[in-house]
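Welcome! Here are some short exercises to work through with the structure open beside you.

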Amino acid sequence: IADPLRVYGDDAPLLGGLDILAGIGLNVTGALTTEYSDNVARTSGGQPSNSRYKSKDDWIFRPSVTLSGGRPLGRQQVFFTTSVGRDFFARNGLLNRNRFSADGGLSWALGTRCGGRVQGGYSTRGTQFGTFEEVIPSTQERSNFLASANCRTWTGISGNISYNRNKTVNRTDDPAGEIDRSFANVKSHGFSGGVGYPIAGRGEVGVQGNWSSQEFPNQPLATGGLNGSEFYGVNGFANY
């Protein structure tokens, strides 16, 4: 299991989708990461620290326990990874947050030439520092779903297709409701698929395409509908 937190600190991307696949058996891991910031609220050079903060610099401690496992069911395999932890700020306790994530699913096989995965996950944690300009006590929740399939014919031609769906919800601890980050809530989904043709049993050429769409449910447009974006692409590939 990759752990980008060790390299990128609190701004590390969250794991999900194809990044997590537990092995066979059961594994328990404990960890404690620490991080020092000389400007935890990320205020500009000459700007005074916000009155909510006791100190501009801070030490952050992140203890966590991770449990992962997998079990074969015939030619199929079920798997899961779950993690529980907490962020402790030594001087600015208002930023303390619990962390929780769970991800699991099924790797499946059909016959000798087809296989794929069905997987889903959920996570909640303190908002990453780089997500918004202002650092305030807030939480970000994410959920994801992935389904994929790939097959290879007796001639060696292969095909693959996948579908993913994601949702992000932003919450703040402002009882007065003056700070609202629900405008940044986002829903997205997309497809990808491709076909490959073998070359002399050692290489492959093919084409791969993808399409995805995202929308911000709390950003209505004056012209009607919701703010959002759409991406698509096609590429050819060759390997030997």
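Let's begin with a ring. Phe183 has a relative accessible area of 40%. Keep in mind that the model is a predicted one.

**Exercise 1.** Decide whether Phe183 is buried, partly exposed or exposed, and then do the same for Phe132.

*Solution.* Buried means under 20% relative accessible area and exposed means over 50%. With its value of 40%, Phe183 therefore falls in between and is partly exposed. Phe132 has a relative accessibility of 15%, so Phe132 counts as buried.

**Exercise 2.** Work out what kind of aromatic pair Phe132 and Phe183 form, and where each one sits.

*Solution.* Start with the search of the whole structure, which finds four aromatic pairs. In the pair of Phe132 and Phe183, the ring centres are 6.2 Å apart and the planes meet at 75°, so the pair is edge-to-face. Next, locate the two residues: Phe132 is in the loop between strand E5 (114-126) and strand E6 (138-152), while Phe183 is in the loop between strand E7 (158-172) and strand E8 (186-199). They are 51 residues apart, and the pair links distant parts of the chain.

**Exercise 3.** Find which strands stand at the edges of the sheet.

*Solution.* First, follow the order of the ten strands, E1-E2-E3-E4-E5-E6-E7-E8-E9-E10, which form an open sheet with antiparallel pairing. Strand E1 (25-37) and strand E10 (226-239) each have a single partner strand, so these two stand at the edges, with one side left without a neighbour in the sheet. From one strand to the next, the twist averages 10°.

Note on methods. Residues are numbered from 1 along each chain as its sequence is written. This is a predicted model: local features need pLDDT of at least 70, side-chain atom pairs count only at pLDDT 80 or more; totals for chains, interfaces and linings use all residues. Side-chain values use heavy atoms; hydrogens and water are left out. Two strands pair if DSSP finds at least two bridges between them. Helices (H or I, at least four residues) and strands (E, at least two) are DSSP runs, numbered from the N terminus. Axes are lines fitted to C-alpha atoms, for helices over the stretch in contact, and angles run from 0 to 180 degrees between N-to-C directions. Rings of Phe, Tyr and Trp (its six-membered ring) pair if their centres lie within 6.5 Å; planes under 30 degrees apart count as stacked, over 60 as edge-to-face and the rest as tilted. Buried means under 20% relative accessible area, exposed over 50%, partly exposed in between (1.4 Å probe, protein chains only).
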